[in-house]
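User: I am new to this structure. Could you walk me through some of its local features?
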Amino acid sequence: TLATEVLAFFKKLPMDHTWTDSHYATLQFPSRTQRNALWLVDQGGAVLEQIALDSPLDYCAYSATGSATGGLVYANYGRSQDFELLRSWGVPLGGAVAVVRVGELSFAEKVWNAQRAGVGGLLIYPDPADVPQDPRRLGLYSTAAISEHVHLGSGDPFTPGFPSFNHTQFPPTQSSGLPTIPAQPISANVASRLLSQLSGPVPPQQWRGRLPYVGYAVGPALSSGDGRQVRLAVYNTLSTVRLNNIFTSIEGRVEPDQYVIIGAQRDSWGPGAAKSAVGTALLLELARTFSAMVQNGFQPRRSILFASWDAGDFGSVGATEWLEGYLTMLHLKAVAYFSLDQAVLGDDRLSVYTSPLLTSLLEGAIKQVEHPKHPGQSIYSHAQNQGHSWRSQIVKPLYLNSGAYSFTAFGGVPAMELHFTEHADALTPSLPAGLPLMALRLTHDHLLPLDYPEYSNSVLGFSNHLAQHSAELQARGLSPQWVFSARGDYHRAAESLRDAIMNSDVRDAQLTHLYNTRIMRVEYYFLSQYVSVLESPFRHVLHGRGDHTLSALTEHLALLRSAPHRFQEDRFHRQLALLTWTLQGAANALGGDVWNIDNLF
């Protein structure tokens, strides 16, 4: 197996340590005895016609099982605003089977939005407008569906917050992110057959894809006019599977208890060359390169871990279970994580999904790497020449299905995932060239190059937005001054630490270690200590999910003007307190010893 080959490869390298970490996780697979199915039925439920699905291997892991019967509705990308628009057009959603296209957000988020809208079942297809139907390039056959898990979370959803070690006694619980409605991926051909029969309101142009002979009416009635409906049945089964994460490491010579982690998922559903095989190949090559550097005299200050993760396509299960198993020590030891998943999908455009703490490090790296399609220009200079800042073109927030997301949102470790996309005739070596530069600095520099003041700028944008609603909030007895004060304290603590570092001798090993300890824990400080890891595993107030996050607070704040009757003062007061005290805690921790904190809050 590939796992055996990766382990054998690592063992052949002159590494300091190589080992396997095993977990027993509950995964979902297509049933071996009953295929997921789709039918057209009459008003009485009698089957009129079965619509053949292209492959029995196409499925959404962690879908609810059972059947859903209802009118057929086209819901664009399945975003919350798409379902809101359908409601405003008078389209009945209760119990309907919705068809949405791939893109804009993860399958899990589409299913979550659908069930919140009252939809009974969901079909997800790749539209030619979003996914090229040209298998000669990076495209699909029109008979191909795209499979993806639909758990709104990561890790084993039947042991949320707990590591899936074999000897662990689990409490009887499951993740709140498991869907309650069945979901199934379908091909463009099957979607075309369904959507071409829809009648009802015609949506705006931006809802229309490129399926042939489809007008993209939204339903829920079919053009036959006889009241026929769609029935979806999902029969997936659960199975306990042993997962094997494989590690190898180079031990740091000065601070071996601090380490940089580079990882890639090893598994993939269907054609997985771009998603997992390329990432695994890059991981092995980077491990070989760093071990050769050490053989030639390179002495890293900090340790480097190379990780090959199992069950990545089920929602980063292998990586998340490892995080859950070692969470109490990781924030004390892990400097940063780099994900190689989907690293090379082309050679034209770089997108980097990252924690803000790593953006300055990224800037330094892309200034030194030549753009693969524009000789003589660095990636940085090419982006700047496009007329916009490089950050606006390249830097993007971490997203739920990213291999890096759990490290930051759950583990409080700065993380990054890099993608080169569009128009690839061959894989490019330029992307791996940038990642080693960043890893080298993190393992070699005396002071960690993490941009801890950046979070002050992130919160400043929200503070300015909040200030625009000050009068409305004060009229309801709510004061935004809490957030302003906490943000100011964090800004002052960051500036004070920066000034102290600039006026210090970085050759002083003890002082440098103290500074690095404060710097590397900044990400962890933004994990809210006021919510349960079982109920809200993604506790990060800026990158996480849940009512404690900045995004939830921003969404709620918007109701003050868009729908004042839906604004809940008690809930907003609690959200504001959760954000404020997490930010204040980060400011206090960054400030250092308690006698150095001048807190007038």
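Analyst: Contact here means heavy atoms within 4.5 Å. The model is predicted. Ask away.

User: Which elements are included in what covers the buried residues of H3?
Analyst: Helix H3 spans residues 107-116. Its buried residues are Phe-107, Ala-108, Glu-109, Lys-110, Val-111, Asn-113, Ala-114 and Gln-115. Their cover includes helix H2 (80-88), strand E6 (97-101), strand E7 (121-125) and strand E8 (183-185).

User: Why is H3 described as largely enclosed by the rest of the structure?
Analyst: Buried means under 20% relative accessible area. H3 has 10 residues, and it is largely enclosed because the number of them that are buried is eight.

User: Which residue with a positive phi follows H3?
Analyst: The residue has a phi near 95°. It comes after H3, and it is Gly-118.

User: Is Ser-31 buried or exposed?
Analyst: Ser-31 sits in the loop between strand E1 (17-29) and strand E2 (37-41). The cut-off for buried is under 20% relative accessible area. Ser-31 has 16%, so it is buried.

User: Which backbone nitrogen atoms lie 3.1 Å from a polar atom of the Ser-31 side chain?
Analyst: One belongs to Thr-33, at 3.1 Å from a polar atom of the Ser-31 side chain. The other nitrogen, also at 3.1 Å from a polar atom of that side chain, belongs to Gln-34. The names are Thr-33 and Gln-34.

User: What does Ser-31 contact beyond its neighbours within four places in sequence?
Analyst: Set aside the neighbours within four places. The contacts of Ser-31 are then Tyr-235, Asn-236 and Thr-237.

User: In what order do the four strands of the open sheet run?
Analyst: The pairing in this sheet is antiparallel. Its edge strands, each paired on one side only, are E3 (47-50) and E4 (66-70). On average, neighbouring strands are turned by 25° against each other, direction ignored. The order is E3-E2-E9-E4.

User: Which residue in E3 stands opposite Trp-39?
Analyst: E2 and E3 run antiparallel and are joined by three bridges. Opposite Trp-39, in E3, stands Gln-50.

User: How many bridges join E11 to E13?
Analyst: Strand E11 covers residues 255-265 and runs parallel to E13. Tyr-259 stands opposite Ala-334 in E13. The number of bridges joining E11 to E13 is five.

User: Why is E13 described as largely enclosed by the rest of the structure?
Analyst: Strand E13 holds residues 334-339. It is largely enclosed because the count of buried residues is six of the six.

User: Which residue's backbone oxygen lies 2.9 Å from a polar atom of the Arg-561 side chain?
Analyst: Arg-561 is in helix H18 (residues 550-562). Leaving out residues up to four places away in sequence, Arg-561 touches Gln-468, His-469 and Glu-472. The backbone oxygen at 2.9 Å is that of Gln-468.

User: How far apart are the C-alpha atoms of Arg-561 and His-469?
Analyst: The two residues are 92 residues apart along the chain. They touch. Their C-alpha atoms are separated by 9.2 Å.

User: At roughly what angle do the axes of H18 and H19 cross?
Analyst: Helix H19 holds residues 569-591, and the two axes come within 10 Å. The crossing is left-handed. The angle is roughly 145°.

User: Which residues of H19 do the H18 residues meet?
Analyst: On the H18 side are Leu-550, Ala-552, Leu-553, His-556 and Leu-557. By class, the contact has seven nonpolar, two polar and one charged residues. On the H19 side are Arg-571, Phe-572, Gln-575, Leu-576 and Leu-579.

Technical notes
Residues are numbered from 1 along each chain as its sequence is written. This is a predicted model: local features need pLDDT of at least 70, side-chain atom pairs count only at pLDDT 80 or more; totals for chains, interfaces and linings use all residues. Side-chain values use heavy atoms; hydrogens and water are left out. Helices (H or I, at least four residues) and strands (E, at least two) are DSSP runs, numbered from the N terminus. A polar contact is a pair of N or O atoms within 3.5 Å; within protein, one must be able to donate a hydrogen and the other to accept it, and residues adjacent in sequence count only if both atoms are side-chain atoms. Axes are lines fitted to C-alpha atoms, for helices over the stretch in contact, and angles run from 0 to 180 degrees between N-to-C directions. A crossing is left-handed if the near helix is turned anticlockwise from the far one by less than a right angle, and right-handed if clockwise. Ala, Val, Leu, Ile, Met, Phe, Trp, Tyr, Cys and Pro count as nonpolar, Asp, Glu, Lys and Arg as charged, and the others, Gly among them, as polar. Buried means under 20% relative accessible area, exposed over 50%, partly exposed in between (1.4 Å probe, protein chains only). Two strands pair if DSSP finds at least two bridges between them.
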